Amino acid sequence: MTSRAEAAHMPDDGEIRTPDRLRGRASRLLAHVSAQSDRLMTEGLARADAHRWHYAVLASLQEFGPGSQATLSRRTGIYRSDMVGILNELSERGFVERTPDPDDRRRNVITITARGGRQLRRLDKLLDDLHEELLTPLLPAEREQFVRLLTRLHDHHTRPAPPPIA
């Protein structure tokens, strides 16, 4: 039962407030912003009949050149078992080409096509617009700083652990 004193401190406009202890936790804030970002990016890419893995594969091929499925999996963080389906989708749309590896006929070399390059540029523009929407409350300098800080956190938490000292 709520006392009158407690009720006096409760918003009467239906507003739901978050405790300061929660609002001040970086992990919680990152999780909520990440969820919002995922939703925004997934919905935006879906409207372009694409998804994040399409973009990751095309970006990797554009930046680093052709590669095997295993190489693309390592570059993008996409599970090898999922890579085949993604490459099938991209190949069916004419965005990538598979050719036998001249050094090992058991493998394919994946190459981005001209059509894939055009799709990547469209997706770049789309993602730029979606990021603009996501980061609207931040000034341009704050956005750059935010990305630098996130990159530093990411790099710190994804670098390999040093070998144990014997």
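Exposed, in these legends, means over 50% relative accessible area, and buried means under 20%. The model shown is predicted.

**View 1. Arg-106 pairs with Asp-104 by a salt bridge.** The closest N and O atoms of the two residues are 3.0 Å apart. Arg-106 has a relative accessible area of 76%, so it counts as exposed. Side chains of opposite charge can pair when their charged atoms come close. A search of the whole structure turns up seven salt bridges. Two others follow in Views 2 and 3.

**View 2. Asp-49 and Arg-93 form a salt bridge between two loops.** Their side chains meet at 3.6 Å, N to O. Asp-49 belongs to the loop between helix 3 and helix 4, and Arg-93 to the loop between helix 6 and strand 1, so the pair ties together parts 44 residues apart in sequence. How exposed is each partner? Asp-49 is exposed, at 51% relative accessible area. Arg-93 is partly exposed, at 25%. The backbone of Asp-49 deserves a look too. Its phi is near 55°, a positive value in a residue other than glycine.

**View 3. Arg-143 of helix 8 meets Glu-132 of helix 7.** The two side chains form a salt bridge, 2.8 Å from N to O. Helix 8 covers residues 140-158. The partners lie in separate helices, so their salt bridge ties together parts that are 11 residues apart in sequence. Which partner is buried, and which is partly exposed? Arg-143 is buried, with a relative accessible area of 16%. Glu-132 is partly exposed, at 43%.

**View 4. Helix 4 runs from residue 52 to residue 64.** This helix has 13 residues. From first C-alpha to last it reaches 18 Å, close to the 18 Å expected at 1.5 Å a residue. Which of its residues are buried? They are His-54, Ala-56, Val-57, Leu-58, Ser-60 and Leu-61. The cover over these residues includes helix 5 (69-76), helix 6 (80-92) and helix 7 (114-134). Strand 1 (96-101) and strand 2 (104-112) are also among the covering elements. Just after the helix, Gly-65 takes a positive phi of about 90°.

**View 5. Val-57 sits among the best-connected residues of the largest nonpolar core.** This core has 23 residues. Those with the most contacts inside it are Val-57, Leu-58, Leu-61, Leu-72 and Leu-90. Which elements each supply at least two residues of the core? They are helix 3 (26-47), helix 4, helix 6, strand 2 and helix 7. Helix 7 gives the most, with five residues. In soluble globular proteins, nonpolar side chains tend to be buried together. Follow Val-57 outward, leaving aside its neighbours within four places in sequence. Val-57 is then in contact with Leu-72, Thr-76, Ile-78, Met-83, Ile-86, Leu-87 and Leu-90.

**View 6. Tyr-55 of helix 4 touches a run of other residues.** At 24% relative accessibility, Tyr-55 counts as partly exposed. What does Tyr-55 touch, not counting residues up to four places away in sequence? The list is Leu-120, Leu-123, Asp-124 and Leu-127. Thr-76 gives a distance to compare. Tyr-55 and Thr-76 are 21 residues apart in sequence. In space they are 9.8 Å apart, C-alpha to C-alpha.

**View 7. Strand 1 and strand 2 pair as antiparallel neighbours.** Six bridges join the two strands. A hairpin links strand 1 to strand 2 through two residues. Which residue of strand 2 stands opposite Thr-99? The residue is Val-109. In a regular strand the side chains alternate between the two faces of the sheet.

**View 8. Thr-113 lies in the loop between strand 2 and helix 7.** Is Thr-113 buried or exposed? At 18% relative accessibility, Thr-113 counts as buried. A polar atom of its side chain lies 2.5 Å from the backbone oxygen of Gly-94. Apart from neighbours within four places in sequence, Thr-113 is in contact with Gly-94, Phe-95, Val-96 and Glu-97.

Notes. Residues are numbered from 1 along each chain as its sequence is written. This is a predicted model: local features need pLDDT of at least 70, side-chain atom pairs count only at pLDDT 80 or more; totals for chains, interfaces and linings use all residues. Side-chain values use heavy atoms; hydrogens and water are left out. Helices (H or I, at least four residues) and strands (E, at least two) are DSSP runs, numbered from the N terminus. The expected span of a helix is 1.5 Å times one less than its number of residues. Buried means under 20% relative accessible area, exposed over 50%, partly exposed in between (1.4 Å probe, protein chains only). Contact means heavy atoms within 4.5 Å. A nonpolar core is a set of buried Ala, Val, Leu, Ile, Met, Phe, Trp, Tyr and Cys residues joined through side-chain atoms within 4.5 Å. Two strands pair if DSSP finds at least two bridges between them. A salt bridge is a side-chain nitrogen of Lys or Arg within 4 Å of a carboxyl oxygen of Asp or Glu. A polar contact is a pair of N or O atoms within 3.5 Å; within protein, one must be able to donate a hydrogen and the other to accept it, and residues adjacent in sequence count only if both atoms are side-chain atoms.
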